[in-house]
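The report that follows goes through selected elements of one protein model, with attention to burial, strand pairing and empty space. Please keep the sequence and the coordinates at hand while reading.

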Amino acid sequence: MAVYEHDVLVIGAGLAGMRAAIEAQKMGADVAMISKVHPVRSHSNAAQGGVNGPGIGEDGGPWEEHAYETTKASDYLGDQDAITILAQEGGREVLQMEHWGVVFSRKPDGQMAVRRFGGMGKARTFFVGAITGQAMLHVLYEQLMKPSVYQALRNYEEWFVTSLIIDEGQCRGAVAMNIHTGELHAITAKATIVCTGGLGRVYEPSTNALICTGDGIAQAYRVGAPIMDMEMIQIHPTTLKGTGVLITEGARGEGAYLLNKDGERFMSKYAPNMMELASRDVVSRAEQMELDEGRGVDGCVFLDMRHLGEELIKERLEEIYEIARDLVNIDITKELLPILPGVHYAMGGIKTDVDGATPMPGLYSAGEAACVSVHGANRVGANSLLDTIVFGRRAAEHAVPWLRSQTFKPIPESVVEKDRAMIQEVLARPKTDDRVARIRRDMGETMSANVGLFRSPEKLEKQMVLLKELRARYEKVGIDDKGKVFNTDLLFHIELGYMLDCAEMITKSAIERKESRGAHTRLDFPNRDDENWLKHIVLTKQPDGSEKMSYIPVTITEWQPQERKY
């Protein structure tokens, strides 16, 4: 088998990955990008409501306002040096996207339109109807398709990474399977940027695509990279009943109401100032409390957009109109939409500095796979897209000069043998009554039940026991397809291993954090505890296979923690 060699290997082809690849290629590096799906099928495609643009004209407002509101929404667990960079450089990146061709929605005078998102004191979210992520993703892919870029960039499309290559303590690329042939190859690099997105499918249901299986986070964990803030899982306030499909916060940004069974705008009790546009964790908890106290209807509350009018809905929320019509046969211009809280985003991930660098030389990360940490305990809406383009670019800007200052030796072809043996062992397993899909479903449903919006010590400990049982089942379960070409049976098996790693890290960290902060609500510790828990939880796998739990203090540069009020 051939060994492919590059300067920079970007794993993942969503917004963070493509932005990193574009920047590294522009700096003259030999760049390769690898993705298990076609790049424009990446989950960035699903982002709907918009991207924050601090500092863009009067609408963007001073970057300091955005930095403060991001810090506040994070429940003061966000690192303020990283948040400052996000706010200072974010507006420039949004304008770059516009210059590259993202056709942002406009005001009548031609200026870029804005809407307000949760946790924000003013409207500073720029958008393309309700398809902002899709529009940005396609424009970045267009940039990669330019002849000057395309000829210089190797795109390993529909290749599946099985492990990272580590040589003498440095990350030197990845072992990957060509899904078309089933063959394993070593793709070596001097710098590797992990942009594999989130892990939402550890839970069921979830707003995330089926491909969001925590691959990069688990791969980095297995080679000893630190993983931080894994207990912080964002529950989005508005997912469609029965499907888990995301209903954009942009609907509430345009003025939609949340109603209980009595027709009451119940957020007036929980966030009297910002109402439906309080931070996401506050709104999700409020919805669940309404449901728990009997003021829901068939397990949901309602999103009311009727007063917005058909013209505005079809201009600015057309995708939501179509989702409601196609999936639940509801006309949102005339009817209430049943919604409930649902798992949406992982604030935690691979620990990096503000340049995307991990403590492991040669290993970088950006986007949802990374934990910089700009999101802390709760992400502000429309900051996820901003995070991808700011820190995707910054990771490349740091990686390329770094690799030029280093010397590297060739990586032998034999690095693939461990993964080849692992695959052969799975293929050789006899068929049993158990199935990968059944284990995956059991994991997702129990994670939602026990490590969801409200967490108790009994449920968390129960989940650790269940995860051990699921791990034992996983280590025995076989697959039906023994072939090589497009063996999705095999891919799903490997993905399940990644998800179980992530589920265990989430649950262990949730057990450890004995307070309530942001998305992490402990029923036995209902208050935030800055004296003992104003710190990040970090999990690191040791060379002997054991796990070390450590703590890193939160970086505070400007804003001291105070009680959040919305």
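## Helix 13

Helix 13 is mostly covered, since 18 of its 22 residues are buried. The model is a predicted one, and the geometry of helix 13 can be checked against expectation: at 1.5 Å a residue, the 22 residues of this helix (residues 383-404) should span 32 Å, and its end C-alpha atoms are 32 Å apart, which agrees.

## The four-stranded sheet

An open sheet of 4 strands follows the order 11-14-13-12, and its pairing is antiparallel. Strand 11 (233-240) and strand 12 (257-259) are the edge strands, each of which pairs on one side only. From one strand to the next, the twist averages 45 degrees. Helix 10 (residues 280-292) packs on this sheet, where it touches strand 11, strand 12, strand 13 and strand 14 (337-346), and the direction of helix 10 makes about 60 degrees with that of strand 11.

The pairings can be followed across the sheet, starting from strand 11. Strand 11 and strand 14 are joined in the antiparallel sense over 6 bridges, and I233 stands opposite A346 in strand 14. Strand 14 also pairs with strand 13, again in the antiparallel sense, over 3 bridges; here F302 has P338 of strand 14 as its bridge partner. On to strand 12, 3 bridges join this strand to strand 13 (residues 301-304), the two running antiparallel, and L259 stands opposite F302 in strand 13. F302 thus appears in two of these pairings, facing P338 in strand 14 and L259 of strand 12. How much of strand 14 is buried? The count is 9 of its 10 residues, so strand 14 is largely enclosed by the rest of the structure.

## Strand 2 and its parallel neighbour

All of strand 2 (residues 31-35) is buried, 5 of 5 residues, and it is therefore largely enclosed by the rest of the structure. In a regular strand the side chains alternate between the two faces of the sheet. For strand 2 both faces are covered, with V31, M33 and S35 buried on one side and A32 and I34 buried on the other.

Strand 1 (residues 3-11) is joined to strand 2 by 4 bridges, and these two strands run parallel. Within this pairing, I34 of strand 2 is the bridge partner of I11, so that I34 is described both by its burial on one face of strand 2 and by its bridge to I11.

## The three-stranded sheet

A further open sheet has 3 strands in the order 3-5-4, with antiparallel pairing. Its edge strands are strand 3 (51-52) and strand 4 (114-115), each pairing on one side only. Strand 4 is joined to strand 5 (residues 125-126) by 2 bridges, the strands running antiparallel, and the bridge partner of V114 in strand 5 is F126.

## Pocket and cavity

Rolling a probe the size of a water molecule over the atoms shows where empty space is left. The second largest pocket holds about 890 Å³ of space, and its lining consists of 35 residues, of which T162, S163, R222, K418 and D419 lie nearest its centre. At least two lining residues of this pocket come from each of strand 7 (159-167), helix 7 (215-222), helix 14 (417-428), helix 16 (457-474) and helix 17 (488-512). Helix 17 gives the most to this lining, with 8 residues.

Enclosed space is represented by 1 cavity of 30 Å³ or more, and the largest cavity has a volume of about 30 Å³. The residues lining the largest cavity are Q234, I235, R280, D281, R285, N378, L453, G518 and A519. Strand 11 and helix 10 each supply at least two residues of the lining, and helix 10 gives the most, with 3 residues. The largest cavity is therefore lined in part by helix 10, the helix that packs on the four-stranded sheet.

## P430 in a loop

P430 has its place in the loop between helix 14 and helix 15 (436-450). Is P430 buried or exposed? With a relative accessible area of 59%, against a cut-off of over 50% for exposed residues, P430 is exposed. P430 and I479 are 49 residues apart in sequence, while their C-alpha atoms are 8.1 Å apart in space.

Note on methods:
Residues are numbered from 1 along each chain as its sequence is written. This is a predicted model: local features need pLDDT of at least 70, side-chain atom pairs count only at pLDDT 80 or more; totals for chains, interfaces and linings use all residues. Side-chain values use heavy atoms; hydrogens and water are left out. Two strands pair if DSSP finds at least two bridges between them. Axes are lines fitted to C-alpha atoms, for helices over the stretch in contact, and angles run from 0 to 180 degrees between N-to-C directions. Contact means heavy atoms within 4.5 Å. The expected span of a helix is 1.5 Å times one less than its number of residues. Buried means under 20% relative accessible area, exposed over 50%, partly exposed in between (1.4 Å probe, protein chains only). On a 1 Å grid over the protein atoms alone, a cavity is a set of points where a 1.4 Å probe fits but cannot get out, and a pocket is an open set with protein on both sides within 12 Å along at least five of seven lines; lining residues have an atom within 4 Å of a point. Grid points are joined across faces, edges and corners, and a volume is the space filled by probe spheres set on the points.
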